[in-house]
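The following dialogue is intended for a bench biochemist who wishes to read a protein model feature by feature. Each turn moves from a general idea to the case at hand.

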Amino acid sequence: MAENSNELMDKLTALCKRRGFIFQSSEIYGGINGFWDYGPLGVELKRNIKDAWWTDIVRKRDDMVGLDCSIIMNPKVWEASGHVSGFADPMVDCKQCKGRFRADKLYFFYLQTPESSAKIKELRQKVASSNLPVLEGEISVQVDHIMRGGVSLSWTIEADASIEKLSMAGDMIQTIQSIAKEKNVGDLKKINLSELRNYSSDYSEITIEGKSGKIYVITVMGYKRAKDMNPLVCPKCLAQNSLTEPRQFNLMLETSLGALQDSSSKAYLRPETAQGIFCNFKNVLDTQRIKLPFGIAQVGKSFRNEINPRNYTFRSREFEQMEIEFFCHPSEADKWYEYWRDVRYNWYITHGLRSSKLRLRNHEKDELAHYARACADIEYEFPFGISELEGVANRTDFDLSQHAKFSGKDMSYFDDEAWEAEKDKYTPDKFGGDAKLAKEAADKAKNAMPFRFTPFVIEPSGGVDRATLAFLCEAYCEDTAPDENGKPQARTVMKFHPRLAPIKLAVFPLVKKEGMPEIARKIYDDAKAAGLAAFYDEKGAVGRRYRRQDEAGTPFCVTVDGQTIQDQTVTIRDRDSLKQERIPAGQVVEFVKKRIG
RNA sequence: GCGGGCGUAAUUCAGUGGUAGAAUGCCAGCUUCCCAAGCUGGACGUCGGCGGUUCGAAUCCGCUCGCCCGCUCCA
């Protein structure tokens, strides 16, 4: 599987280079890590994906509008969004094994008897006095979940203040159980680690009562707490006290504005297009006569200073996003979240990603970012692994509230219609004829739910380059087609959905004589005039020309032959089935247009 | 960021100190009435880059850049 996958990626990258889909950026200078260029075929494919998205998301709907924001924004935007402070990963290195870990995803587990080390007692006291939650009760270890969450676990058993056994996450269940047996703890109840993780960023403990009545405590500590423990164990190599202090890696790409480069000139290349949308929420609302629920769509470049770009174009430092921010009433957010998740998932299937390779993964509660109430990833099974194409999140009113707070501008929405329907409840006669009282009550009601509120946001955020790569992977196909002697020969074909294919139509004269080139040329010109991406080729054997188009993923090839001269019909060949059908030359453009959607 | 592998024509690769190679592709022409491997001819390489060793480096050494794999990472 792994070997085949690599082989497939190698073949695909070679084809992309050879046929002009994707080139390495600055190739003649040795390239640059994390940046890629799209060649003539690649740019058509990518543009078709963006156009299909824009058409389906904006043009065909009446609850969506578009936007195109600047890449560089006032740096305060990124303070409000949390990217300047939060878009950074504290990393811890192990001096022993050179392993690198995210400090905020490291957890240290200690099993202790209540009378064990003073340090833990001290910590527990601190926790008690600081009102931090102390978790007690059910314990279950869901190893799959831990691994998928990318959490590194260090399982340290501390009994009588001396280390007896260490183990990694994969062995945790067995370890806990064997230790429990050894220590005569008896049957361990289940530890629910998804619950644990909510607490373990700081400190939590679970109490287990053994058969003998002896009490054992499992302590879970995040790095911040655990760093004072002795020993502190590397989760990978289990070396003691070998971890460095955390270092910050900020993923924001910086630049500077103006001639002088000092701290006041610092600016950032946006890491997502979303913030431009939030900043323009009021502008759109005030100028478009649009009402909730509605969404704003944007396609554009974003930049992240990835520590380690990998997997061809999948994780690039410069990439393009297709983002929607859909604003709705908080009470309807759940409904719209599910709606968009399904719409976006199905969009990929409609455009040719097989559902067997596409999956929708709902995030566990503990996996959610602090601002999100729900999140689902639309994932594709790439040859190098299952990875995210698009994320759909319910971001609540977090973003608008943040910008309201940081900018001092009102970001609330007033529902005129709802108020119109309700305002009769606040007429003076409802308040014993007291107009003043009625107005006060009306003003109070008006400026609160359900009439005035900060909208919730549903964000479907997709990667254009990731989608392009997925469509490329999905399209790549090796099958067999008969040669001129009817013998099956290997054929490489890119089976793009016709709507996405870079070239829609190729036109050939069967032979380069007897007036065929002229007729073919005319069909080609008509196709170009009609806006179809078409290609004309009269050189060499027709079979070779078909095969070339197969590699480019052209869905239809029209051939002018001897019969055309008699009755003005041509053959049109289907890329996937290789079947040909005769149609009048004048209907070629219409035929293709009908099939590319 | 660590470890491993690799970098020679557009692509896939051979070439282990002595004149830069093959196949495919590409171009021109011929042939060809329908699916690449028929014929003839042709173009194409600062051997990733820089430095060192050597009479001489694609080949050995150092550094560097890039790609791939594993780990790590992916608010």
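**Reading the chain, its sheet and its cysteines**

The accessible surface of chain A comes to about 29200 Å², and carbon and sulfur atoms account for 48% of it. The model is a predicted one.

Q: How many helices and strands does chain A have, and what share of its residues is buried?

A: Chain A contains 20 helices and 28 strands. Of its 597 residues, 49% are buried. Among the contacts in chain A with a separation of 6 or more, 66% are between residues 24 or more positions apart.

Q: How should the order of strands in a sheet be read, and what is the order in the open sheet of 7 strands?

A: In general, the strands of a sheet pair through backbone hydrogen bonds, and the pairing is either parallel or antiparallel. Here the open sheet of 7 strands runs in the order β3-β14-β15-β21-β18-β17-β16, and its pairing is mixed. Because β3 (64–66) and β16 (358–362) each have a single partner strand, they stand at the edges, and one side of each is left without a neighbour in the sheet. From one strand to the next, the twist averages 25°.

Q: Which strand is joined to β16, and in which direction do the two run, parallel or antiparallel?

A: Strand β17 (residues 374–382) is joined to β16 by 5 bridges, and the two run antiparallel. One residue pair can be located directly: Asn-362 has Ala-376 in β17 as its bridge partner.

Q: Which strands does helix α2 touch, and which does helix α12 touch?

A: Helix α2 (residues 40–59) packs on the sheet and touches β3, β14 (294–303) and β15 (318–328). The direction of α2 makes about 160° with that of β14. Helix α12 (residues 333–350) also packs on the sheet, where it touches β3, β15, β16, β17, β18 (385–396) and β21 (456–463). The direction of α12 makes about 155° with that of β18.

Q: How is a disulfide recognised, and what is the count here?

A: A disulfide is a covalent bond between the sulfur atoms of two cysteines. In a model, the test is whether two cysteine sulfur atoms lie within 2.5 Å. By this rule the count is 0 disulfides. For Cys-279, the nearest cysteine sulfur is that of Cys-69, 8.0 Å away, and Cys-279 is in no disulfide. Cys-557 is likewise in no disulfide, with the nearest cysteine sulfur, that of Cys-477, 16 Å away.

Q: Are Cys-279 and Cys-557 buried, partly exposed or exposed?

A: Cys-279 counts as partly exposed because its relative accessibility is 28%. Cys-557 is buried, with a relative accessible area of 0%.

Technical notes:
Residues numbered from 1 in each chain as written. Chains lettered and ligands numbered in written order. Predicted model: local features only at pLDDT ≥ 70, side-chain atom pairs only at ≥ 80, totals over all residues. Heavy atoms only, no water. Buried < 20%, exposed > 50% of the residue type's maximum accessible area, 1.4 Å probe, protein only. Pairing = 2+ DSSP bridges. Helix = DSSP H or I, 4+ residues; strand = E, 2+ residues; numbered from the N terminus. Axes fitted to C-alpha atoms, helices over the stretch in contact; angles between N-to-C directions. Contact = heavy atoms within 4.5 Å. Areas by Shrake-Rupley, 256 points an atom, 1.4 Å probe, with all protein chains shown as cover.
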